[in-house]
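Q: Please walk me through reading covalent cross-links and ring contacts in a protein model. Where should the reading begin?

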Amino acid sequence: MRRPVALRLNAALATLALAAGAGAALSLSTPEASAAATGATGYATQNGGTTGGAGGQTVRATTGTAIHQALCGRAGSSTPITIQVEGTINHGNTSKVSGNSCSTAEDKIELKQISNVTIVGVGNGAVFDQLGIHIRESSNIVIQNVTVRNVKKSGSPTSNGGDAIGMESDVRNVWVDHATLEASGGESEGFDGLFDMKDNTQYVTLSYSTLRNSGRGGLIGSSESDRSNGFVTFHHNLYENIDSRAPLLRGGIAHIYNNYYVGLTKSGINSRAGARARVDNNYFKDSKDVLGTFYTDAAGYWQVSGNTFDNVTWSEPGEDNNPAGPDPRSNTTVSIPYAYTLDGAACVPEIVSRTAGAGKGLKVSDGNCSPQTPTDPTPDPTDPTPDPTDPTPDPTQPSGTNLSIGAGSDGSSKADGTSYGNVRDGDLNTYWSPAGSTGSVSIKWGSATTVSAIAVEEASGSAGTIGSWRVLDADTGAVLASGSGAGAIDVPQTSLRKITFEITSSSGTPKVAEFETYAG
């Protein structure tokens, strides 16, 4: 029999020391990362959709106080804003801030009675250490590319009732994407849920996120009578080393697809009190009672298809125990109102491992089990609109030494018979193609290298195939340039170890013969 999660951990995560004081650090910024252009998915696309702070000002924050100041500095509580966060956010640099457009607290990141907000981790990442994120009486919230860890409800310090991310009281339209939510044990160690929703919280999506090392993954509904929540989507998430609640559903509807569950020791998807869950193409491994109604006689329901059960054990049915296995069958039907594409369950462990969690470059599945970085065509709202009557001249072919020769290379995928190395061999007769119509190829060096221009050469017979593209600083995820069509491309002079050319649309199969890089 497996031991509870706290006993299985090799060691508790160490708390990072904070170098900065509690003073605010807030500035206007040109975004290095932003919400994925593919936008929200799942139920967060319903009820008017979830766009967060799109169309508003973008600011940078490196303390919890600065996050609160950004919220309180808006013209109104619904004024759109994107807050880019970098560094460690904890009790030492988080204080309550007052204003007409906010209602904050000193022991958590408080998103209360507000709307139209995006919080996104950038640069070297955003870690909320022992400090939870609380969403209350709010709507249209996006949280992306952040880590929230070791939030406690007992012991010291405490925050957010022990929830990494908690939502309650008339919350609508929340998209949490590419987050890492983790604890260092269960309730006896002071931790509670990683992702909780209660008291009329609806239209929520949790996607491409990692939840691990916790007694409780999360819940929808705080009690058997709290059935006003629902319309929640969970997809492409990793649940690892979790005792139970992956999730716990009390009433309402949930769509759970393409998640990877490994090491669930007590129970997994616990549908009860009239809840209905559609459970498609998930992969369950080394786990127990991954689906059913548990610890209650208030039945829940499920529709299942395409799931893989790998070394899953099932308990015997009882008065308060109704496992769906060992041969799970549907006992209800659940209609899904939005479009979605399922990856095959067999590839879910790989695609989730490559895309889920913070710091993964916001990579998503292309629907065919391959990771891709979504495009972001939305301009920086703090940048002036270019004058259409005064276009920027096309860059000229760069001169000097092609730094790609002798460098390394890799990419997102490659078609049969092509190679990443072909883009740096100086031979226009060889080329790289992605496995589909989009993909990325990178040039990399063993030490920091300054680049200010690139040239992309298409192979003979494929000129004009490449449509839109982005050039990324692969070290930070920053977008250096974007446009359409191959040729010479100027980028801001940047010192980096890896640069990526990402094709986001094409009229066929792209063929990149050379990806040349130049210092100037």
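A: Begin with a sulfur pair: a disulfide joins Cys72 to Cys102, with 1.8 Å from S to S. The general test is that two cysteine sulfur atoms lie within 2.5 Å. This is a predicted model, in which local features need pLDDT of at least 70, side-chain atom pairs count only at pLDDT 80 or more, and totals for chains, interfaces and linings use all residues. Residues are numbered from 1 along each chain as its sequence is written, and side-chain values use heavy atoms, leaving out hydrogens and water.

Q: How many disulfides does that rule give?
A: The count is two disulfides. The other one joins Cys347 to Cys369, with 1.9 Å from S to S. With the bonded cysteines numbered in sequence order, the pairing reads 1-2, 3-4.

Q: Is the disulfide of Cys72 and Cys102 right-handed or left-handed?
A: The torsion about its S-S bond is about 100°, so the disulfide of Cys72 and Cys102 is right-handed. Cys72 sits in helix 2 (residues 64–72) and Cys102 in the loop between strand 3 (81–89) and strand 4 (109–112), 30 residues apart. Here helices (H or I, at least four residues) and strands (E, at least two) are DSSP runs, numbered from the N terminus. For Cys347 and Cys369 the torsion is about -70°, so that disulfide is left-handed.

Q: Which of Cys347 and Cys369 is buried, and which is partly exposed?
A: The classes rest on relative accessible area: buried is under 20%, exposed over 50%, partly exposed in between (1.4 Å probe, protein chains only). Cys347, at 15%, is buried, while Cys369, at 26%, is partly exposed. Cys72 and Cys102 are both buried.

Q: How many aromatic pairs are there?
A: Rings of Phe, Tyr and Trp (its six-membered ring) pair if their centres lie within 6.5 Å; planes under 30 degrees apart are stacked, over 60 edge-to-face, and the rest tilted. The count here is 13 aromatic pairs. One of them is Tyr239 with Tyr261, stacked at 4.9 Å centre to centre with 15° between the planes. Tyr239 is in strand 17 (residues 238–244) and Tyr261 in strand 20 (residues 260–264), so the pair ties together parts 22 residues apart in sequence.

Q: What is the geometry of Tyr257 and Tyr340?
A: Their ring centres are 5.2 Å apart and their planes at 35°, so the pair is tilted. Tyr257 is buried at 4% relative accessible area, and Tyr340 is partly exposed at 25%. Ring pairs link both into a cluster with Tyr43, Tyr203, Phe231 and Tyr338.
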